[in-house]
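Got the model open in your viewer? Here is a walk through it, one selection after another.

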Amino acid sequence: ALRQSITPEARNEMQRSWNHVQSQASYKVAVLGASGGIGQPLALLIKMSPLVSSLHLYDIANVKGVAADLSHCNTPAQVFNFTGACELANSLKGVDVVVIPAGVPRKPGMTRDDLFNINANIVKGLVEAVADNCPDAFIHIISNPVNSTVPIAAEVLKQKGVYDPKKLFGVTTLDVVRANTFVAQKKNLRLIDVDVPVIGGHAGITILPLLSKTRPSTTFTTEEVQELTLRIQNTGTEVVEAKAGAGSATLSMAYAAARFIESSLRALDGDADVYECSYVQSDLTELPFFASRVKLGRNGVEALISSDLRGLTEYEQKALEALKPELKASIEKGITYAQKQT
Ligand code: NAD
Ligand code: LMR
């Protein structure tokens with residue numbers, strides 16, 4: 001009877017107020033490398049999130065203009081800018097999630113590992129500051145080569161005595177986003193329904209889409225599996241070549257990173273049903289770091305989803321064994337680098 005006595009307009013208004021109460025912005029997010037190709041569109045997408053109250057933009061250059069521009073969007077997040085090493089510590093104070101896209105991108109002909117010498121040092125310096133200023137934050141590493149920069153970050157955090165493996169993430173969401181797109185196109189599925197777990201790492205053959213675990217359940221011919229797997233492994237290079245010297249994926253990366261941040265914030269906010277693929281410390285294989293689906297919770301990784309690795313096809317099992325030596329070498333390279341620096 002009560003329901004009948006409420007007009008549709010009143011009901012809409014109640015719904016609007018309820019949405020407002022539910023979406024109280026409360027989390028602080030820092031982007032390190034915020035004026036770059038990824039940093040700028042990523043900052044825009046984070047500014048759109050109702051879960052974010054403060055957005056801290058840090059870069060060594062050009063961040064003031066990005067922040068001034070972004071701050072005029074009438075969404076709740078307040079935007080703050082920090083420039084240069086002397087402002088890095090302040091950019092991290094009180095932050096819940098730190099996302100790191102700082103570093104140089106590939107040019108045609110380069111591998112992600114060719115970026116190691118420059119980006120290893122950048123990531124090391126930034127993670128040291130994270131350890132000193134917001135050791136409890138979730139840390140999302142985007143800078144390549146992710147297979148090595150995440151182990152570097154772990155070593156730095158260990159050296160500082162604040163390593164929490166549940167809160168350190170290599171961002172591999174872009175591989176999932178690509179896999180979902182290509183599978184939906186190939187099989188004529190609704191994009192929103194498709195979910196392909198991608199395991200291993202984030203470079204060449206270490207990127208392993210588990211097409212047999214696609215949801216909704218989908219069958220592929222041997223040729224389709226080979227074609228899709230190769231395409232997903234090489235999409236980064238496809239973009240680098242198309243950009244012809246002007247960098248690598250930025251817009252799709254920003255989209256993917258924003259999805260991973262939103263998932264992290266939902267987990268921090270108590271949502272009990274948050275799953276993403278990520279490159280994390282892992283015991284699912286003999287390798288110390290490995291990308292898989294993980295369950296996210298208030299304290300970071302709550303569980304590694306081992307079921308995806310059971311019942312693999314022969315193709316996937318072979319590809320998994322084939323990726324291990326390269327991934328192992330990249331992990332060891334990162335660890336050795338970080339240990340030598342002390
Ligand atoms: P970019 O050159 O456009 O931007 C990088 C930004 O980092 C620049 O604004 C630069 O000033 C800043 N920077 C450099 N050193 C810094 C430091 N010490 N502190 C703070 N900021 C610093 O590059 P991009 O296209 O944004 O790519 C960034 C990184 O992301 C590259 O390493 C690229 O390979 C990687 N990437 C990863 C993925 C992934 O899936 N994980 C996808 C795409 C790109
Ligand atoms: C990607 O997958 O697009 C990134 O890792 C950037 C690159 O160098 O390919």
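Before we start, one definition: helices here are DSSP runs of H or I at least four residues long, numbered from the N terminus. Keep in mind, too, that this is a predicted model.

**Stop 1: the two annotated domains**

Select residues 28-170. An unreviewed UniProt entry labels that span "domain: Lactate/malate dehydrogenase N-terminal". The span is 38% helix and 21% strand, and its end C-alpha atoms lie 20 Å apart.

Now switch to residues 172-335. UniProt, again in an unreviewed entry, places "domain: Lactate/malate dehydrogenase C-terminal" there. This part of the chain is 47% helix and 17% strand, with end C-alpha atoms 20 Å apart.

**Stop 2: ligand 1**

Show ligand 1 and the residues around it. There are 33 of them, and Gly33, Gly36, Gly37, Ala102 and Asn144 come nearest. Color the shell by type and you get 17 nonpolar, 14 polar and two charged residues. Which helix gives the most to this shell? That's H6, with four residues.

**Stop 3: Asn144 and its cis bond**

Stay on Asn144, one of the residues that come nearest to ligand 1. Asn144 is also part of the surroundings of ligand 2. Now select Pro145 as well: the peptide bond joining Asn144 and Pro145 is cis, with omega about -5°. You'll find Pro145 in the loop between strand E5 (138-141) and H7.

**Stop 4: ligand 2**

Next, show ligand 2. Around it you should see Pro105, Arg106, Arg112, Asn144, Leu174, His202, Gly236, Thr237, Val239, Val240, Ser248 and Ala249. By type, the shell splits into five nonpolar, five polar and two charged residues. H9 gives the most here, with four residues, so let's follow that helix.

**Stop 5: helix H9**

Select residues 222-243. How far apart should the ends of this helix be? At 1.5 Å a residue, its 22 residues should span 32 Å; the end C-alpha atoms are 31 Å apart, so the two agree. Turn the helix side-on and look at Asn234, where a kink of about 55° is centred.

Now pick out the buried residues of H9: Leu228, Thr229, Ile232, Gln233, Thr235, Gly236, Val239 and Val240. Some of these names should ring a bell, since Gly236, Val239 and Val240 also belong to the surroundings of ligand 2. What do the buried residues of H9 pack against? Show helix H8 (173-187) and strand E8 (207-209) to see their partners.

**Stop 6: either side of H9**

Step back to the loop between E8 and H9, where Pro216 lies. The Arg215 to Pro216 peptide bond is cis, with omega near 0°.

Then go to Ala244, which follows H9 and has a positive phi, near 50°. Ala244 isn't a glycine, even with that positive phi. Its place is in the loop between H9 and helix H10 (251-268). Is Ala244 buried or exposed? With 9 C-beta neighbours inside 10 Å, Ala244 counts as exposed, because the cut-off for exposed is 12 or fewer.

**Stop 7: the loop between H8 and E7**

Find Asn188 in the loop between H8 and E7. Here is another positive phi in a residue other than glycine, near 55°. Asn188 is exposed, with 6 other C-beta atoms within 10 Å.

Arg190 sits in the loop between H8 and E7 as well. With 8 other C-beta atoms within 10 Å, Arg190 is exposed. Try the distance tool from Arg190 to Ala322: these residues are 132 apart along the chain, and their C-alpha atoms are separated by 32 Å.

**Stop 8: helix H11**

Finish by selecting residues 314-340. At 1.5 Å a residue, the 27 residues of H11 should span 39 Å; the end C-alpha atoms are 40 Å apart, which agrees. Look for a kink of about 30° at Lys324, shortly before the proline Pro325.

The buried residues of H11 are Glu316, Ala319, Leu323, Leu327, Ser330, Ile331, Gly334 and Ala338. To see what they pack against, show helix H6 (116-133), helix H7 (146-159), strand E7 (198-200), E8 and strand E10 (289-297). Two of those should be familiar: H6 from the shell around ligand 1, and E8 from the packing of H9.

Technical notes:
Residues are numbered from 1 along each chain as its sequence is written. Chains are lettered from A and ligands numbered from 1 in the order in which they are written. This is a predicted model: local features need pLDDT of at least 70, side-chain atom pairs count only at pLDDT 80 or more; totals for chains, interfaces and linings use all residues. UniProt positions are given in the numbering used here, feature names are shortened, and annotations may be inferred rather than shown by experiment. Helices (H or I, at least four residues) and strands (E, at least two) are DSSP runs, numbered from the N terminus. The expected span of a helix is 1.5 Å times one less than its number of residues. The bend at a residue is the angle between axes fitted to the seven residues ending there and the seven starting there. A residue is buried if 20 or more other C-beta atoms lie within 10 Å of its own, exposed if 12 or fewer, and partly exposed in between; C-beta atoms are placed from the backbone. Two residues are in contact if their C-beta atoms, placed from the backbone, lie within 7 Å. A residue is near a molecule or strand if its C-beta atom, placed from the backbone, lies within 6 Å of it. Ala, Val, Leu, Ile, Met, Phe, Trp, Tyr, Cys and Pro count as nonpolar, Asp, Glu, Lys and Arg as charged, and the others, Gly among them, as polar.
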